[in-house]
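Please open the model in a viewer and keep the sequence panel at hand. The stops below are meant to be selected in order.

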Amino acid sequence: MGKPDAEGHGPTEGLPGLPPEWGRVVVPDDASALAGEAAQVRRELRRAAGHRPGHLALPLLVLVVAVLTTMAGLLAVAWPRASRGTDRPTPAPYSPPATVAGRALPALDLVDAAQEPVPLRGLLPAMIILVDGCPCPERIGEAVTAAPAGVVVITVAGGRTVATPPPDGRGVRALADPAGGLRSFLGQPARPGTLTALLVDRDGVVTRVLPDLGTVDSYRSDLSTLAG
């Protein structure tokens with residue numbers, strides 16, 4: 001229940017009273033007397049409405065900056081990868097160590113088609129062609145034709161399977177290297193589509209290594225030297 005004010009004015013019986021801290025509340029008979037207070041309230045509402053866009057502008061600006069930064073980072077990561085794919089340098093062809101030429105051929109035992117051991121140094125002087133990267137029968141046939149009397153052309157395959165000699169390779173000695181000793185001596189792996197050849201004199205010394213066997217003209221003089 002409300003209480004009457006200091007002048008004895010109180011609320012209508014049965015209605016709650018106003019809070020004491022409001023003080024005395026006077027309701028004028030003419031509503032125009034409240035025009036000043038109403039104008040002040042409208043000004044404060046317009047001022048509050050005018051500040052609202054500013055409160056939203058800062059979070060929106062932060063969001064835009066974050067999105068642009070993320071996109072820039074993604075582009076910076078993607079572009080160098082594309083350029084590395086197009087500007088990749090061509091690897092230089094492998095060449096065997098310079099110390100191989102002039103060294104003695106190891107005493108290796110290879111196997112023939114019957115899986116019988118064959119001492120490699122017992123077939124010198126010879127042109128030894130490794131065919132584990134390519135059978136290349138045309139190149140083998142050219143070497144057989146160019147080899148002088150007394151120089152043996154030997155093909156060496158990897159594993160235990162002996163390579164099939166070319167049709168005109170009647171002078172070819174086909175062997176296999178199950179242990180991979182000859183490749184280990186060279187210090188290089190087999191490369192697809194490539195023949196590797198060694199020229200070894202009768203004393204067992206490697207006189208030349210051909211990492212990629214080319215035409216006959218590139219080694220014909222070396223074959224003549226082996227026969228001398």
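Is Gly171 buried, partly exposed or exposed? The model is a predicted one, and in it Gly171 has a relative accessibility of 44%, so this residue counts as partly exposed. Select Gly171 in the loop that runs between β4 and β5. Beyond the residues up to four places away in sequence, Gly171 touches Val144 and Val153. Then add Gly141 to the selection: the two glycines are 30 residues apart in sequence, and their C-alpha atoms are 9.5 Å apart in space.

**The whole chain**

Next, colour the protein chain by secondary structure. Four helices and seven strands should appear, and their order along the sequence is α-β-β-β-α-β-β-α-β-β-α. The chain has 228 residues, of which 29% count as buried. Among its contacts with a separation of 6 or more, 60% link residues 24 or more positions apart. With the surface displayed, the chain exposes about 15000 Å², and carbon and sulfur atoms supply 61% of that area.

**Helix α2**

Select α2, residues 137-146. Ile140, Gly141, Ala143, Val144 and Ala146 are buried in this helix. Which elements should be shown around them? The cover over the buried residues of α2 includes β3, β4, β5 (172-177) and α4.

**The largest nonpolar core**

In soluble globular proteins, nonpolar side chains tend to be buried together. To view the largest nonpolar core here, which has 23 residues, begin with the members that have the most contacts inside it: Met127, Ile129, Ile140, Leu195, Leu213, Tyr219 and Leu223. At least two residues of this core come from each of β3 (126-130), α2 (137-146), β4 (152-158), β6 (196-200) and α4 (220-227). The largest share, four residues, is that of α2.

Centre the view on Met127. Residues up to four places away in sequence aside, Met127 touches a set that includes Ala143, Val153, Ile154, Leu199, Leu213, Tyr219 and Leu223. Apart from the largest core lies another, of 21 residues; Leu110, Leu130, Val200 and Val209 are among them.

**Thr155**

Move to strand β4 and select Thr155. Its relative accessible area is 5%, so Thr155 is buried, the cut-off being under 20%. With neighbours within four places in sequence left aside, the residues in contact with Thr155 are Ile129, Val131, Ile140, Val172, Arg173, Ala174 and Leu175.

**The disulfide**

How many disulfides does a search of the whole structure find? The search returns one. Select Cys134 and Cys136, whose sulfur atoms are joined at an S to S distance of 1.9 Å. Both of these cysteines are buried. Looking along the S-S bond, one finds a torsion of about 105°, so the disulfide between Cys134 and Cys136 is right-handed.

**A nonpolar patch on the surface**

For the last stop, go to helix α1, residues 35-86, and select Met71. Met71 has 49% relative accessibility and therefore counts as partly exposed. Extend the selection to Leu63, Val64, Val67 and Leu68: with Met71, these residues form a nonpolar patch on the surface. Together, the five have about 470 Å² of accessible area.

Note on methods: Residues are numbered from 1 along each chain as its sequence is written. This is a predicted model: local features need pLDDT of at least 70, side-chain atom pairs count only at pLDDT 80 or more; totals for chains, interfaces and linings use all residues. Side-chain values use heavy atoms; hydrogens and water are left out. A nonpolar core is a set of buried Ala, Val, Leu, Ile, Met, Phe, Trp, Tyr and Cys residues joined through side-chain atoms within 4.5 Å. Buried means under 20% relative accessible area, exposed over 50%, partly exposed in between (1.4 Å probe, protein chains only). Contact means heavy atoms within 4.5 Å. Patches are made of residues with over 30% relative accessible area and no salt bridge: like charges are joined within 9 Å, nonpolar side chains (Val, Leu, Ile, Met, Phe, Trp, Tyr) within 5 Å. Accessible areas come from the Shrake-Rupley method with a 1.4 Å probe; for residues, only the protein chains shown count as cover. A salt bridge is a side-chain nitrogen of Lys or Arg within 4 Å of a carboxyl oxygen of Asp or Glu. A disulfide is a pair of cysteine sulfur atoms within 2.5 Å.
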